[in-house]
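Student: I would like a close look at one part of this model, the surroundings of the ligand, and at how that part connects with the rest of the chain. Could you take me through it in one connected account?

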Amino acid sequence: MNYFLTDEQQMIKELAAKIADEKIAPVALQYDEDGTFPREIVKVLADSDMCGVYIDEKYGGFGGGVFEMALVVEELSRACGGISLAFAGTGLGCFPIILFGSDAQKERFLPPIASGEKLAAFGLTEANAGSDAAGIETTARKDGDGYILNGTKQWITNGGEADVYTVVACTDRSRGARGFSAFIVEKGAAGFGFGKKENKMGIRASCTRELVFDDCRVPAENLLGREGMGFIVAMKTLDRTRPGVAAQALGIAQGALDEALKYSRERVQFGSAISSYQAVQHMLADMAIQIEAARCFIYQTCRFIDSGAKDFSKESAMCKVFASDAAMKATVDAVQIMGGYGYMKEYPVEKRMRDAKITQIYEGTNQIQRNVIALELIKGLSKK
Ligand SMILES: Cc1cc2nc3c(=O)[nH]c(=O)nc-3n(C[C@H](O)[C@H](O)[C@H](O)COP(=O)(O)OP(=O)(O)OC[C@H]3O[C@@H](n4cnc5c(N)ncnc54)[C@H](O)[C@@H]3O)c2cc1C
């Protein structure tokens, strides 16, 4: 399929693919086994000018958007869905600044992220507030020329590894979600610490930790937008980054298809390669159909978002659900095609099956995305 990428987009995709094949694929299983954070790969991405593909040129980036970010995530995830998250999680932490940061905040925080010197993270989820993000309990109390943060954010991607954190806290409990505000908190701030590294089923090279705020002082100039805008900051950010989760799922699924296809041509049973059996062929065909459909959907959604569209919550949710469900099915089928070998850790498909699962859960579970889509459909109908 020709997706009519611009020369720059083609170049970005090819460079990300080269890094995935040459630098990530050889180490992916080891990083997964050890749960090592991929600092060396971040350095490779930085040296290749990949870290700022979605950041404005004014702040040292390449000047692309959500599409360029998705192209990189897709290619890196083809080799490892966990390692790619150091990059994608930084995008998630960065978009609140891109969308709502003042010039001064952008000038201060974006250039070191664009150069790859610093990583970012996004803190919304808490122990009692997952799908129901409006239930967060972390507080930010105004104190002189700053705010005092107290509370704990749970399961934060790049937690402890990132230098810049965009965090949502409650500044006025009486106003519900309208009383939330978003802040930039820097690693090293007094009263800001981290919980233990979580031991996860998949994406094990990604680091997931609690963010702990214990009377953490944040200067007023680190408030993003205005007080009371925190929930909007979070929702608008996630609308833009969900296609990135979809791209992660797409890359994982493509990697699983590539492995299963190769194996099916090599494995001989009953005197023939298993690729000659129709039951196997149909699984391969279904994987390819779902993957290509996901790619079309993601690329078009990204282009729609980058065109300056105002409202794309539904499309963003749809492509995340479609791609993540496709990736889950494709990775389970890849294991099936490889039989007992697919179940063994030496082969990289059981890892892909574990990695795919998270894409149905984070940045809003697929049940919540279906709620969003259904509400938009019903709202649209009542307007007619
Ligand atoms: C590895 C990992 C990394 C993460 N990274 C980040 C991060 O960087 N930043 C961040 O802020 N968060 C992060 N999260 C949190 C993630 O976004 C949440 O886990 C997710 O939103 C779901 O919340 P929950 O786990 O509390 O599930 P719950 O909200 O408790 O949901 C449990 C189940 O109930 C279902 N459910 C809940 N409410 C409804 C409803 N109204 N209708 C239908 N079904 C419903 C859900 O779909 C799910 O199946 C991460 C999580 C993980 C596991």
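Tutor: What follows starts at the ligand and then moves outward to a strand, the domains and the core.

Bear in mind throughout that this is a predicted model. The shell around the ligand is made up of 22 residues, and among these T125, G130, S131, T365 and Q367 come nearest. Three elements each give two or more residues to that shell, namely β1 (120-123), β3 (146-157) and α12 (366-383). Sorted by class, the shell holds eleven polar residues, nine nonpolar ones and two charged ones. As for where the ligand sits within the chain, it lies between domain 2 (121-228) and domain 3 (232-383), because both of these domains give residues to the shell around it.

Of the elements in that shell, β1 can be followed in further detail. Its two faces are both covered, since A120 and F122 on one side are buried, as are A121 and G123 on the other. β1 also pairs with strand β4 (residues 164-170), and the two run in the parallel sense over four bridges. Within this pairing, A121 stands opposite Y165 of β4.

The domain assignment gives, besides domains 2 and 3, a domain 1 that covers residues 7-118. The C-alpha centres of domain 1 and domain 2 are 22 Å apart, and the contact between these domains involves 24 residues of domain 1 and 20 residues of domain 2. On the domain 1 side, the elements giving two or more residues are α2 (28-34), α5 (84-100) and α6 (103-114), and α5 gives the most, with nine residues. By class, that side of domain 1 has 13 nonpolar residues, nine polar ones and two charged ones.

The last part of the picture is the nonpolar core. In soluble globular proteins, nonpolar side chains tend to be buried together. Here the largest nonpolar core has 119 residues, of which V72, F183, A249, L250, A253, I298 and A323 touch the most other members. Helix α7 (residues 230-266) supplies the largest share of this core, with 15 residues. L250 can serve as an example of such a core residue: once its neighbours within four places in sequence are left aside, L250 is in contact with E74, I291, A294, R295, I298, A323 and A327.

Conventions
Residues numbered from 1 in each chain as written. Predicted model: local features only at pLDDT ≥ 70, side-chain atom pairs only at ≥ 80, totals over all residues. Near = placed C-beta within 6 Å. Nonpolar A, V, L, I, M, F, W, Y, C, P; charged D, E, K, R; others polar. Domains from an automatic or database assignment. Core = buried A, V, L, I, M, F, W, Y, C linked by C-beta atoms within 7 Å. Buried ≥ 20, exposed ≤ 12 C-beta atoms within 10 Å, placed from the backbone. Contact = placed C-beta atoms within 7 Å. Pairing = 2+ DSSP bridges.
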